[in-house]
Amino acid sequence: MSITSLDNTYVASTYGRFPLELSHGKGSLVYDTQGKEYIDLGTGIAVNTFGYADDEWNKAVQEQMNKLQHTSNLFYTEPCAKLAELLCSKTGMKKVFFSNSGAEANECAIKTARRYSFLKYGEGRSTIVTLKNSFHGRTVTTLAATGQDAFHTEFGPFTEGFVYAETNNIEEVIGLVKKHNCCAVMMEPVQGEGGVMKLDDDFVKAVFDYCSENDVLLIFDEVQTGNGRTGSLYAFQQFGIMPDIVSTAKGLGGGLPIGATMLGQKVENTLTPGSHGSTFGGNPIACAGAYSIISRIDEELLSGVKAKSDYIFKELSSADGIKSVSGMGLMIGLETEKDAKEIVAACREKGVLVLTAKTKIRLLPPLNIPDELLRKAVEIIKECAK
Ligand SMILES: *Cc1c(COP(=O)(O)O)cnc(C)c1O
């Protein structure tokens with residue numbers, strides 16, 4: 001049986017996969033089982049931060065793999081401790097809880113916000129405001145947090161305690177916080193799955209000001225926007241605000257499953273022994289990979305991200321068949337005249353892998369994609385979009 005038919009027969013049918021069997025890759029290039037080469041502008045949905053089989057990342061992961069692959073959280077290990085320190089020193093956050101995915105990182109953020117409020121104010125202050133068009137994960141609770149009705153059928157009953165505000169509407173956020181006695185506001189700085197929509201700077205600033213004045217926690221879901229993707233290590237750093245909790249995952253491990261929930265000063269001691277945990281969280285190999293990724297996201301790398309982003313915005317904003325370009329850094333959405341799925345397929349034929357988000361094309365290239373490969377890919381996108 002072919003890989004495709006084995007998968008279709010035995011793997012749960014939760015994904016609409018592209019008709020492509022990938023076999024191996026190097027940097028920004030990936031190859032299918034027929035040997036055809038592709039420039040990858042999807043990075044496994046913003047996960048392969050430095051592309052495939054990156055030498056430095058490989059070395060960090062393999063060295064750790066040969067020492068200690070797992071210990072459980074009953075013991076101290078160096079990669080976990082060092083990664084937490086690195087994240088805190090680069091963000092100003094105080095402590096980190098490690099898990100294995102974005103949804104779990106958000107679960108921890110939600111639990112932390114509720115516990116903070118419970119310990120300080122008692123029961124009845126547990127509701128969280130999220131935004132319409134958001135995406136926060138696939139668990140029963142993070143689906144409830146996701147502000148899209150389409151996600152709120154079939155799997156009920158859902159976790160209670162989420163209310164949804166119109167994106168960029170500060171009056172509605174404040175109104176909901178007051179009406180429901182909320183403990184937190186949770187949002188993605190750029191709504192990824194929702195169509196790569198960057199929040200307005202003024203809105204983010206206003207939410208931050210209101211939250212800090214009213215002891216309402218501000219949670220930033222940086223699962224997709226984090227780890228250099230938007231041109232700063234975390235996107236919040238470009239909005240001139242400081243969230244109380246930042247969750248991240250996707251690009252953090254460079255391809256290994258890891259989630260992190262970063263806790264600011266207010267909530268640094270909210271979680272206590274026994275109040276939360278994870279068997280695999282803080283896994284030494286995943287943390288060694290993440291340490292290697294985060295330590296390489298420096299000013300030089302980030303200015304490269306911005307330059308590549310400017311190039312894409314400039315080239316595609318004026319291209320035939322492209323109605324608008326949205327996003328931040330190397331997280332970019334293209335509104336096209338033709339159907340996005342048609343363009344994705346045409347690009348694939350011509351050797352470029354791109355993704356979709358809602359009705360848009362979504363680009364999430366490796367942060368270090370060589371300029372000549374990016375140029376080649378952008379030309380092919382232009383051809384396919386017109
Ligand atoms: C992908 C994503 C998640 C879910 O992450 P998983 O690792 O799939 O659980 C949550 N929030 C945002 C913003 C995401 O982009």
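A polar contact is a pair of N or O atoms within 3.5 Å. With that definition in hand, the tour may begin at the ligand. Please bear in mind throughout that this is a predicted model.

**Stop 1: the ligand**

Select the ligand, then Gly-102. A polar backbone atom of Gly-102 lies 2.8 Å from an oxygen atom of the ligand. Next, select Phe-135, where a polar backbone atom is 3.3 Å from a nitrogen atom of the ligand. Then add Asp-221: here a polar atom of the side chain is found 2.8 Å from a ligand nitrogen. On its own the ligand has 380 Å² of accessible area, and the protein covers 81% of it.

Now display the residues that surround the ligand. Among them are Ser-101, Ala-103, Asn-106, His-136 and Gly-137. Glu-188, Val-223, Gln-224 and Lys-250 also belong to this shell. Colour the shell by class, and three nonpolar, six polar and three charged residues appear. Which helix provides the largest share of the shell? It is helix 5, residues 102-121, with three residues.

**Stop 2: a salt bridge that begins in helix 5**

Remain on helix 5 and select Lys-120, which lies in that helix. Lys-120 forms a salt bridge with Asp-215, and the closest N and O atoms are 2.8 Å apart. Asp-215 is in the loop between helix 8 (201-213) and strand 10 (217-221), so the pair ties together parts that are 95 residues apart in sequence. Is Asp-215 buried or exposed? Its relative accessible area is 9%, and residues under 20% are called buried, so Asp-215 is buried.

**Stop 3: further salt bridges**

Side chains of opposite charge can pair when their charged atoms come close. A search of the whole structure finds 17 salt bridges.

Select Glu-56 and Arg-296, whose side chains meet in a salt bridge with an N to O distance of 3.5 Å. Glu-56 is in helix 3 (residues 55-65) and Arg-296 in helix 9 (residues 284-296), so that distant parts of the chain, 240 residues apart, are linked. Arg-296 is buried, with a relative accessible area of 17%.

Select Lys-132 and Glu-166 next. Their side chains meet in a salt bridge at 3.4 Å, N to O. Lys-132 is in the loop between strand 5 (128-131) and helix 6, while Glu-166 is in the loop between strand 6 and helix 7 (170-180). The two residues are 34 residues apart, and the pair links distant parts of the chain. Lys-132 counts as partly exposed at 33% relative accessibility, and Glu-166 counts as partly exposed at 39%.

To finish this stop, select Lys-314, Glu-315, Glu-379 and Lys-382 together. Salt bridges that share partners join these four residues into one network.

**Stop 4: backbone details**

Move to the loop between helix 6 (140-145) and strand 6 (162-165), which contains Pro-157. The peptide bond from Gly-156 to Pro-157 is cis, and its omega is near 0 degrees. In the loop between helix 6 and strand 6, select Glu-154 as well. Glu-154 is not a glycine, yet it has a positive phi of about 70 degrees. Glu-154 is exposed, with a relative accessible area of 74%.

Which residue in helix 2 (residues 43-46) should be selected for comparison? Choose Ile-45, which is in that helix. Ile-45 also has a positive phi, of about 60 degrees, although it is not a glycine. At 35% relative accessibility, Ile-45 counts as partly exposed.

**Stop 5: from the surface to buried residues**

Select Met-1, Leu-6 and Tyr-10, which form a nonpolar patch on the surface. Together they have about 400 Å² of accessible area. Met-1 is in the segment before helix 1 (3-10), and it counts as exposed at 69% relative accessibility.

By contrast, select Ala-377 in helix 12 (residues 371-385). Ala-377 counts as buried, at 0% relative accessibility. Add Tyr-38 to the selection: the C-alpha atoms of Ala-377 and Tyr-38 are separated by 9.4 Å, although their positions lie 339 residues apart along the chain as the sequence separation.

Finally, select Ala-260 in strand 12 (residues 259-263). Ala-260 also counts as buried, with 0% relative accessibility. The C-alpha atoms of Ala-260 and Leu-217, 43 residues apart along the chain, are separated by 17 Å.

Definitions and conventions: Residues are numbered from 1 along each chain as its sequence is written. This is a predicted model: local features need pLDDT of at least 70, side-chain atom pairs count only at pLDDT 80 or more; totals for chains, interfaces and linings use all residues. Side-chain values use heavy atoms; hydrogens and water are left out. Helices (H or I, at least four residues) and strands (E, at least two) are DSSP runs, numbered from the N terminus. Buried means under 20% relative accessible area, exposed over 50%, partly exposed in between (1.4 Å probe, protein chains only). A residue is near a molecule or strand if one of its heavy atoms lies within 4 Å of it. A polar contact is a pair of N or O atoms within 3.5 Å; within protein, one must be able to donate a hydrogen and the other to accept it, and residues adjacent in sequence count only if both atoms are side-chain atoms. Accessible areas come from the Shrake-Rupley method with a 1.4 Å probe; for residues, only the protein chains shown count as cover. Ala, Val, Leu, Ile, Met, Phe, Trp, Tyr, Cys and Pro count as nonpolar, Asp, Glu, Lys and Arg as charged, and the others, Gly among them, as polar. Patches are made of residues with over 30% relative accessible area and no salt bridge: like charges are joined within 9 Å, nonpolar side chains (Val, Leu, Ile, Met, Phe, Trp, Tyr) within 5 Å.
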